[in-house]
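Biologist: I have a structure to read and want to learn the features one by one. Where should we begin?

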Amino acid sequence: MIAISIVLMIIHLLLGKEPHPSNLDEPKIKFDKDSLKKYFFFPTKGARDFYLALSGKFFMVVGSTIVTTFELYIFTDYIGQSTKAAGHSISILSFIMLFIGVFFALVGGPLSDKLHRVKAPVVLAPFALGAATLFPLFIVKPWAMFAYAVIAAFGNGLYNSVDGALNLDVLPDCDTAGKDLGLINLANTLGQMLGSVVVSAVVASFGYKAIFIFAVGMEIIGGCLIWAIRRVR
């Protein structure tokens with residue numbers, strides 16, 4: 001993997017043909033209290049929409065993760081399949097998620113450009129995930145999880161195709177874009193970690209149906225937070 005990374009890096013540099021590959025002539029930033037606050041801490045000015053996008057992503061990821069983390073146990077302990085049958089069902093579910101997710105990821109971007117709407121597809125995604133979760137909540141059958149996969153993959157595909165553009169549009173300061181995008185991505189990582197931890201506690205305390213109720217709540221909160229963004233249409 002390291003060798004491949006080095007080769008790809010060299011190819012990128014050769015194909016990029018940057019006129020000035022060195023940054024030695026770039027203006028130096030004075031390292032003081034103000035620059036430390038600006039480049040290493042959370043943004044505070046003009047960051048309302050930034051934090052809405054960050055929080056919306058966090059809740060959406062938590063809601064999605066608590067379902068996908070327990071896929072095997074949902075098929076075996078909740079739906080009642082054997083381990084072998086559950087493995088087959090998970091294969092089908094994964095194929096559905098991959099195929100439909102990739103399709104709408106490819107379609108979502110051009111559609112967003114044509115409609116001149118960035119926020120709308122991102123808002124639609126968590127609500128689609130929430131709606132998908134209603135199937136296994138009310139119908140304890142394998143096909144309900146496949147229905148979940150279809151709608152959830154649609155939402156994830158749209159989200160992944162346009163989320164990056166939304167994140168760029170809500171950045172509070174272009175000078176700190178790298179740091180701020182890293183913070184937004186941290187919401188994704190922390191959401192996955194917390195979702196994996198929370199689902200165990202939810203199942204132990206309230207049973208499997210609570211997974212889907214909790215997921216719906218997280219997706220609704222995430223969608224509403226993203227909807228509240230004002231800077232982006």
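Modeller: Begin with a charge over a ring, which requires NZ of Lys or CZ of Arg within 6 Å of the ring centre and within 35 degrees of the ring normal. Here Lys 119 lies over the face of Trp 227, at 5.3 Å from the ring centre. This is a predicted model: local features need pLDDT of at least 70, side-chain atom pairs count only at pLDDT 80 or more, and totals for chains, interfaces and linings use all residues. Residues are numbered from 1 along each chain as its sequence is written, and side-chain values use heavy atoms, with hydrogens and water left out.

Biologist: How many helices and strands does the protein have?

Modeller: Helices (H or I, at least four residues) and strands (E, at least two) are DSSP runs, numbered from the N terminus. The protein has 9 helices and 0 strands. The C-alpha atoms fill a box of roughly 65 × 40 × 35 Å along the principal axes.

Biologist: How do I read a salt bridge?

Modeller: Side chains of opposite charge can pair when their charged atoms come close. The rule asks for a side-chain nitrogen of Lys or Arg within 4 Å of a carboxyl oxygen of Asp or Glu. The count by this rule is 4 salt bridges. One of them joins Lys 179 and Asp 180, with the closest N and O atoms 3.0 Å apart.

Biologist: Which residues are linked in a network of salt bridges?

Modeller: Arg 48, Asp 49 and Arg 231. Asp 49 meets Arg 48 at 2.8 Å, N to O. Asp 49 also bridges to Arg 231, where the closest N and O atoms are 4.0 Å apart. That second pair links distant parts of the chain: Asp 49 is in helix 3 (residues 48-68), and Arg 231 is in the segment after helix 9 (209-227), 182 residues away.

Biologist: Is Asp 49 buried or exposed?

Modeller: Buried means under 20% relative accessible area, exposed over 50%, and partly exposed in between (1.4 Å probe, protein chains only). Asp 49 has 6%, so Asp 49 is buried. Arg 48 is partly exposed at 38%. Arg 231 is partly exposed too, at 42%. Asp 180, from the other bridge, is buried at 0%. Across the protein, buried residues make up 40% of the 233 residues.

Biologist: How are aromatic pairs classed?

Modeller: Rings of Phe, Tyr and Trp (its six-membered ring) pair if their centres lie within 6.5 Å; planes under 30 degrees apart count as stacked, over 60 as edge-to-face and the rest as tilted. The count comes to 11 aromatic pairs. Take Phe 70 and Tyr 73: their ring centres are 5.2 Å apart and their planes sit at 55°, so the pair is tilted. Phe 70 is buried at 12%, whereas Tyr 73 is partly exposed at 40%. Both belong to one aromatic cluster with Tyr 78, Tyr 208 and Phe 212.

Biologist: What does Ser 112 touch?

Modeller: Contact means heavy atoms within 4.5 Å. Leaving out residues up to four places away in sequence, Ser 112 touches Arg 117, Val 118, Pro 121 and Val 162. Ser 112 is in helix 5. With 5% relative accessibility, Ser 112 counts as buried.

Biologist: Where in the protein is Val 102 found, and how accessible is Val 102?

Modeller: Val 102 is in helix 5 (residues 83-115). Val 102 is partly exposed, with a relative accessible area of 43%.
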